[in-house]
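Biologist: Could you take one part of this model, the strands and how they pair, and walk me slowly through it? I am new to reading structures, so please connect each step to the next.

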Amino acid sequence: FEKKLEAGMSEYDKAYKEVKPLIDDLYRQLLKIFIPERHPRWKSGYPSGSRIDLEKAMQYEAERSKYTELWERKSIPRKIDYRFSLLIDLSGSMRGEKIEQTFKGLVVLAETLNRLDLKYEIIGFTTTFSNNVKLYKEFKEKLSKETRDRVSSMRRVKMGNTPTSSATRFTSERLEENKGKHN
């Protein structure tokens, strides 16, 4: 039964199965960084508020100018609209094991960012592409089966030279065009 299941799996699915523990671990770590807690927190340093900050009150005793910083208010964290570009080298120097490991790393990042619901794109670069770059996933796309298959196809690209500067410039321009709300 297992062999039949594996025979029907795509390259992406096989890589996903292999790196799933890494995805789960990275997701838990990045969740703390990129997704703010939903519960309000007390912030101090206000001239008025709901409760007094005892540390600031003690400082006020020594320095009367601290009066405008005595109070605390509840603040609700806001989610920041992050954007990421994953730029993948598909040049001839990446043949063999390097592209396999890079692909697995890409699966880890793509699946983790997808779970976090962060916007990202995947761009491959080599001189065999027109303009030296190829867009495998756009910011607005979800990670669907079609997208996963498109990303899997980068392992079979005819590899050329390494146009790093033009690929970096292209990616930088794309990030500039697709800025998030807060960045």
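**The strands and their pairing**

Modeller: Let us begin with a single pair of residues in this predicted model: the bridge partner of Y46 in strand 3 is W71. That bridge belongs to a longer pairing, in which strand 1, residues 41–46, and strand 3, residues 71–75, run antiparallel and are joined by five bridges. W71 also serves a second strand, for I52 has W71 as its bridge partner in strand 3. I52 lies in strand 2, residues 51–52, which runs antiparallel to strand 3 and is joined to strand 3 by two bridges.

Now let us turn to the other strands. Strands 4, 5 and 6 form an open sheet, in the order 4-5-6 and with mixed pairing. Strand 4 (83–89) and strand 6 (133–137) stand at the edges of this sheet, and each has a single partner strand, so one side of each is left without a neighbour in the sheet. From one strand to the next, the twist averages 25°.

Within this sheet, strand 4 and strand 5, the latter covering residues 119–125, pair in the parallel sense over seven bridges. To find one of these bridges for yourself, look for I88, whose bridge partner in strand 5 is G124. Helix 4, residues 97–115, packs on the sheet and touches both strand 4 and strand 5, and the direction of helix 4 makes about 170° with that of strand 4. When you follow any regular strand, it helps to remember that the side chains alternate between the two faces of the sheet.

It is also worth placing these strands in the whole chain, which has six helices and six strands. Read from the N terminus on, the elements run α-α-β-β-α-β-β-α-β-β-α-α. The radius of gyration of the chain is 24 Å, well over the 16 Å that the globule rule gives for 183 residues, so the chain is more spread out than a compact globule. Along its principal axes, the C-alpha trace spans about 70 × 45 × 25 Å.

Two further values complete the picture of the chain. Buried residues, meaning those under 20% relative accessible area, make up 33% of the 183 residues. Among contacts between residues at least 6 apart in sequence, 70% join residues at least 24 apart.

Conventions:
Residues are numbered from 1 along each chain as its sequence is written. This is a predicted model: local features need pLDDT of at least 70, side-chain atom pairs count only at pLDDT 80 or more; totals for chains, interfaces and linings use all residues. Side-chain values use heavy atoms; hydrogens and water are left out. Two strands pair if DSSP finds at least two bridges between them. Helices (H or I, at least four residues) and strands (E, at least two) are DSSP runs, numbered from the N terminus. Axes are lines fitted to C-alpha atoms, for helices over the stretch in contact, and angles run from 0 to 180 degrees between N-to-C directions. Contact means heavy atoms within 4.5 Å. The radius of gyration is taken over C-alpha atoms; the globule rule is 2.2 Å times the number of residues to the power 0.38. Buried means under 20% relative accessible area, exposed over 50%, partly exposed in between (1.4 Å probe, protein chains only).
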